[in-house]
Amino acid sequence: IYAKLDWLLNQKDSGYVQVYHNEMDYENIGICYPDGSPSASVGIMKEKVNGIDLQQVFTVSDTNKMVVGANYRKSDVKAKGDNNYDESIDNLSMYLSDSWEFIPSWTVTAGMRYDNHSEAGNDTTFSAGLNKKFNDDSHMYFTWSQVFKAPNADDLYYFADMGPGMGLYKGNPNLKPETGDTWTVGYATKINDKTDFAINYFESDLKDAINYVSKTDDNINYYSQATNIDSQKKQGMELSV
């Protein structure tokens, strides 16, 4: 459920405020009888999320535009499994971005964002980008940004015991946030009135990346748990027509 109000301060500067409420429930069903009916509910999680987003654009000059915004999100989680959780997670973030066409057809963008997360702490991240416009239909760009990604409710409290030989999966309430850097370079153009073409190459280098890792308990039982791994590097390309 959400409601949104848009406005114009003038002919150029738009803004909005949005409030929302989301609910999610799921059950993980373990062993089933031969007729397909479940023998037990082995993992139950309910999450209710309330949030508000606020953003405003300001035109500083004909070649300079600024965006400021803030959002607040609160998640109430109830989970049943090995451990029963009844927790609240909230995050307040504020951001600022400035886009400046410093010479014709060249635009530089710089931004910063502050997050204050109840589980992951607080952090300030920065981003920057450069865009070269060749004409109205094509441009090339480079972007860099720092990453601060707090664990979500699933990462922290997920639980599913699928029965013998099927796997046991656990969240981890002691997770740290993912941090690191990402880079992207790309090109996009409009070939004709019916065809768009875009290609980019990206890399990311994360510390404390969250991944499910196989472990054993004191009784030599295997399970998979959300874990901060030392590092995670990715490279890839995207092509679209």
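Select asparagine 228 and show its side chain, which reaches the backbone nitrogen of lysine 176 at 2.7 Å. The model you have open is a predicted one. Keep asparagine 228 selected and add aspartate 208: the backbone oxygen of aspartate 208 lies 2.7 Å from a polar atom of the asparagine 228 side chain. Asparagine 228 belongs to strand β13, residues 222-240. Is asparagine 228 buried or exposed? Its relative accessibility is 19%, and because the cut-off for buried is under 20%, asparagine 228 counts as buried. To see what surrounds asparagine 228, leave out the neighbours within four places in sequence and show its contacts: Leu175, Lys176, Asp208, Ala209 and Ile210.

**The whole chain**

Zoom out and colour by secondary structure. The chain has 1 helix and 13 strands. Starting at the N terminus, the elements run β-β-β-β-β-β-β-β-α-β-β-β-β-β. Of the 241 residues, 29% count as buried. Among contacts with a separation of 6 or more, 51% are between residues 24 or more positions apart. Switch on the surface: the chain exposes about 15,100 Å², and carbon and sulfur atoms supply 53% of that area.

**A second asparagine**

Next, select asparagine 91, in strand β5. Asparagine 91 is buried, with a relative accessible area of 14%. Its side chain makes a polar contact of 3.2 Å with the side chain of aspartate 115. Which residues does asparagine 91 contact, neighbours within four places in sequence aside? They are Asn71, Tyr72, Arg73, Asp115, Asn116 and His117.

**Strands β6, β7 and β8**

Select residues 106-117 for β6 and residues 121-135 for β7; the two strands pair in the antiparallel sense over 12 bridges. They form a hairpin with 3 residues between them. To find one of the bridges, label threonine 109 and its partner in β7, glycine 129.

Now add residues 138-149, which make up β8. This strand pairs with β7, again in the antiparallel sense, over 8 bridges. How many residues lie between β7 and β8 in their hairpin? There are 2. Label lysine 132 and methionine 140 here: methionine 140, in β8, is the bridge partner of lysine 132.

**The nonpolar patch**

Keep methionine 140 selected and add Trp100, Phe102, Ile103, Leu130, Phe134, Phe142, Trp183, Val185, Tyr201 and Met237. Together with Met140 these residues form a nonpolar patch on the surface, with about 1,000 Å² of accessible area. The elements giving two or more residues to the patch are β5 (85-103), β7, β8 and β11 (178-192). Which element gives the most? It is β5, with 3 residues.

Centre on tryptophan 183, the patch member that sits in strand β11. Its relative accessibility is 31%, and tryptophan 183 counts as partly exposed.

**The loop between β3 and β4**

Go to threonine 63, in the loop between β3 (41-61) and β4 (64-80). Threonine 63 is partly exposed, at 34% relative accessible area. Leaving out residues up to four places away in sequence, threonine 63 touches Ser99, Trp100 and Glu101. Trp100 has already appeared as a member of the nonpolar patch. Draw a C-alpha to C-alpha distance from threonine 63 to threonine 107: the two are 8.7 Å apart in space and 44 residues apart in sequence.

**Salt bridges**

Side chains of opposite charge can pair when their charged atoms come close. The structure holds 6 salt bridges; three stops follow.

Select aspartate 62 and lysine 12, whose side chains meet in a salt bridge at 3.8 Å, N to O. Aspartate 62 is in the loop between β3 and β4, and lysine 12 is in the loop between β1 (2-8) and β2 (14-29), so the pair ties together parts 50 residues apart in sequence. Aspartate 62 counts as exposed, at 72% relative accessibility.

Move to aspartate 25 and lysine 46, a salt bridge in which the closest N and O atoms are 3.0 Å apart. What does this pair tie together? Aspartate 25 lies in strand β2 and lysine 46 in strand β3, so the pair links parts that are 21 residues apart in sequence. Aspartate 25 is partly exposed at 46% relative accessibility, and lysine 46 is partly exposed at 43%.

End at lysine 190 and aspartate 196. Their side chains meet in a salt bridge at 3.7 Å, N to O. Lysine 190 has 33% relative accessibility and counts as partly exposed; aspartate 196, at 45%, also counts as partly exposed.

Note on methods: Residues numbered from 1 in each chain as written. Predicted model: local features only at pLDDT ≥ 70, side-chain atom pairs only at ≥ 80, totals over all residues. Heavy atoms only, no water. Pairing = 2+ DSSP bridges. Helix = DSSP H or I, 4+ residues; strand = E, 2+ residues; numbered from the N terminus. Buried < 20%, exposed > 50% of the residue type's maximum accessible area, 1.4 Å probe, protein only. Contact = heavy atoms within 4.5 Å. Areas by Shrake-Rupley, 256 points an atom, 1.4 Å probe, with all protein chains shown as cover. Patch = residues over 30% accessible without salt bridge, like charges linked within 9 Å, V, L, I, M, F, W, Y side chains within 5 Å. Salt bridge = Lys/Arg side-chain N within 4 Å of Asp/Glu carboxyl O. Polar contact = N/O pair within 3.5 Å; in protein donor to acceptor, adjacent residues only side chain to side chain.
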